[in-house]
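I opened this notebook to record what I looked up in one structure. The entries follow the order of my reading.

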Amino acid sequence: MRIFELFLLIGLIVCALSVSFTKRLLTSIIIYMSYSSIMAIIWVILQSPDLAVTEAAVGAGVTSILFFVTLKKIRAIQEERQEPEAAAPEPGKSGGPEGMPEPGAAGVLKTDRKEGAETEKEGGI
């Protein structure tokens with residue numbers, strides 16, 4: 001029994017350290033689930049089944065599902081941000097609303113994002 005407890009302790013330490021050093025979020029979530037499962041087994045060995053069930057349900061179950069959903073939503077948001085940039089029309093092909101000049105057109109001031117200074121396009125007023 002002592003060997004099994006030592007194995008669980010080493011597994012717990014390895015999981016704790018590897019979560020800290022992994023770069024991929026999905027891998028970190030899976031390792032976190034492993035950590036919670038090992039902790040639940042340790043609680044059973046320590047004759048505390050109520051804590052074991054709570055750790056298994058909350059730690060490995062609900063929290064991990066919330067992490068997966070959050071990770072999916074974050075990636076969906078990143079994909080949404082990348083799609084408009086890829087589908088952006090070429091400059092000069094589309095104007096603003098009817099009757100309004102395109103931003104950066106002749107005589108229209110535009111903001112230089114890098115320096116925060118307003119510049120006037122060539123051929124302006």
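The entries below go from the whole chain to single residues.

**Entry 1: the chain as a whole.** I note at the outset that this is a predicted model. I looked up the secondary structure and found 3 helices and 2 strands in the chain. Read from the N terminus, the order of the elements is α-α-α-β-β. I then looked up burial: of the 125 residues in the chain, 15% are buried. The accessible surface comes to about 10100 Å², and carbon and sulfur atoms hold 64% of that surface. Among contacts with a separation of 6 or more, 38% are between residues 24 or more positions apart.

**Entry 2: helix α2.** I checked the length of helix α2, which covers residues 25-45. Its 21 residues should span 30 Å at 1.5 Å a residue, and the end C-alpha atoms are indeed 30 Å apart, so the two values agree. I listed its buried residues as Ser28, Ile29, Ile31, Ser36, Ile38, Met39, Ala40 and Ile42.

**Entry 3: the largest nonpolar core.** Which residues make up the largest nonpolar core? I found 7 residues in all: Leu8, Leu12, Cys15, Ile31, Ile38, Met39 and Ile42. Helices α1 (2-21) and α2 each supply at least two residues of this core. The greatest contribution is that of α2, with 4 residues. I followed one core member, Cys15, to its contacts: setting aside neighbours within four places in sequence, Cys15 is in contact with Ile31, Ser34, Tyr35 and Ile38. Of these partners, I note that Ile31 and Ile38 also belong to the core.

**Entry 4: the aromatic pair.** I searched the whole structure for aromatic pairs and found 1. The pair is formed by Tyr32 and Phe67 and is edge-to-face, with 5.7 Å centre to centre and 75° between the planes. It links distant parts of the chain, since Tyr32 lies in helix α2 and Phe67 in helix α3, 35 residues apart. I then asked whether each ring residue is buried or exposed. Tyr32 has a relative accessible area of 27% and is therefore partly exposed. Phe67, at 39% relative accessibility, also counts as partly exposed.

**Entry 5: serine 64.** I stayed in helix α3, residues 49-86, where Ser64 is placed. Is Ser64 buried or exposed? Its relative accessibility is 2%, so Ser64 counts as buried, the cut-off being under 20%. Not counting residues up to four places away in sequence, Ser64 touches Ile29, Tyr32, Met33 and Gly59. Tyr32 is thus a contact of Ser64 as well as a member of the aromatic pair. Ile29, another of these contacts, is among the buried residues of α2. For Gly59 I looked up the polar atoms: its backbone oxygen lies 3.4 Å from a polar atom of the Ser64 side chain.

**Entry 6: glutamine 47.** Where is Gln47 found? I located Gln47 in the loop between α2 and α3, just after α2. Its phi is near 60°, a positive value in a residue other than glycine. At 72% relative accessibility Gln47 counts as exposed, because exposed means over 50%.

Methods: Residues numbered from 1 in each chain as written. Predicted model: local features only at pLDDT ≥ 70, side-chain atom pairs only at ≥ 80, totals over all residues. Heavy atoms only, no water. Buried < 20%, exposed > 50% of the residue type's maximum accessible area, 1.4 Å probe, protein only. Polar contact = N/O pair within 3.5 Å; in protein donor to acceptor, adjacent residues only side chain to side chain. Contact = heavy atoms within 4.5 Å. Expected span 1.5 Å × (residues − 1). Phe/Tyr/Trp six-rings, centres within 6.5 Å; stacked < 30°, edge-to-face > 60°. Areas by Shrake-Rupley, 256 points an atom, 1.4 Å probe, with all protein chains shown as cover. Core = buried A, V, L, I, M, F, W, Y, C linked by side-chain atoms within 4.5 Å.
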